[in-house]
Amino acid sequence: MSDDIEEMGPVDYLVVEFPGNRMTGEGFPLLVDLVDRGIIRILDLVFVRKDSDGSVSALELKNFGDELDLTVFEGASSGLLGQDDLDEAGTALEPGSSAGILVYENLWAAPFARAMRRSGAQLVTGGRIPVQALLASLDAVEATGPDGPIAD
């Protein structure tokens, strides 16, 4: 297993909330496309629901009914996610909502990660900039200009 870890790319996770349990499935073909093109590898995909009392429970793919065909995702489980992870993800959800929890390997970055590990480098921190924060920052720069406020 340690040899496999040395070959892996960075692993990320997402928790995507569906307010009011409204899931259209529009993004699922795009997720499959990312896998098919070798950009990511899904390690875990779990769906949860947060009830009005705050309890969080996992949903079976078959519970989504005929409106969404999620059979392509059956078996996408490495065992990394436990109930404590589901509960933690549930703290971010509004009661009466559901979410998909996705753990994935960034295959596109694996060659770079391997090269860095071979050279003795190690990742000491990482993060993600939310799109809303990025847009707000860009709007602020546009409003003020790179050298300060724009005069009329």
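# Exercises on a predicted model

The chain comprises five helices and four strands. The model is a predicted one.

**Exercise 1.** Determine in which order the helices and strands follow one another from the N terminus on.

*Solution.* Step 1: Read the elements from the N terminus on; they run α-β-α-β-β-α-β-α-α. Step 2: Place named elements along the chain. Helix H2 covers residues 28-36 and strand E2 covers residues 40-50, while strand E4 spans residues 97-106. Helix H4 (110-118) and helix H5 (131-144) are separated by a loop.

**Exercise 2.** Decide whether Ser 97 and Ser 98 are buried or exposed, and describe their surroundings.

*Solution.* Step 1: Locate the residues. Ser 97 lies in strand E4, and Ser 98 is also found in E4. Step 2: Apply the cut-off, by which a residue is buried under 20% relative accessible area. Ser 97 has a relative accessible area of 2% and is therefore buried. Ser 98, with 4%, is therefore buried as well. Step 3: List the contacts, leaving aside residues up to four places away in sequence. Ser 97 touches Glu 17, Phe 18, Pro 19, Gly 20, Asn 21, Val 48, Arg 49 and Lys 50. The contacts of Ser 98 include Val 16, Met 23, Leu 59 and Leu 93. Step 4: Look for a polar contact; the side chains of Ser 97 and Glu 17 are joined by one of 3.5 Å.

**Exercise 3.** Identify which elements supply residues to the largest nonpolar core.

*Solution.* Step 1: Characterise the core. It has 13 residues, and those with the most contacts inside it are Leu 31, Ile 42, Leu 45, Phe 47, Phe 73 and Leu 102. Step 2: Assign the contributions. H2, E2 and E4 each provide at least two residues of this core, and E2 gives the most, namely four. Step 3: Examine one member. Beyond four places in sequence, Leu 45 touches Phe 73, Ala 76, Ile 101 and Leu 102. Step 4: Note the second, separate core of eight residues, which includes Val 48, Val 56, Leu 86 and Ile 101.

**Exercise 4.** Establish whether Ile 129 is buried or exposed, and name the surface patch to which it belongs.

*Solution.* Step 1: Find the residue; Ile 129 is in the loop between H4 and H5. Step 2: Compare its relative accessibility of 63% with the cut-off of over 50% for exposed residues; Ile 129 is therefore exposed. Step 3: Name the patch. Ile 129, Val 131, Leu 134, Leu 135 and Leu 138 make a nonpolar surface patch of about 500 Å².

Conventions: Residues numbered from 1 in each chain as written. Predicted model: local features only at pLDDT ≥ 70, side-chain atom pairs only at ≥ 80, totals over all residues. Heavy atoms only, no water. Buried < 20%, exposed > 50% of the residue type's maximum accessible area, 1.4 Å probe, protein only. Polar contact = N/O pair within 3.5 Å; in protein donor to acceptor, adjacent residues only side chain to side chain. Contact = heavy atoms within 4.5 Å. Patch = residues over 30% accessible without salt bridge, like charges linked within 9 Å, V, L, I, M, F, W, Y side chains within 5 Å. Areas by Shrake-Rupley, 256 points an atom, 1.4 Å probe, with all protein chains shown as cover. Salt bridge = Lys/Arg side-chain N within 4 Å of Asp/Glu carboxyl O. Core = buried A, V, L, I, M, F, W, Y, C linked by side-chain atoms within 4.5 Å.
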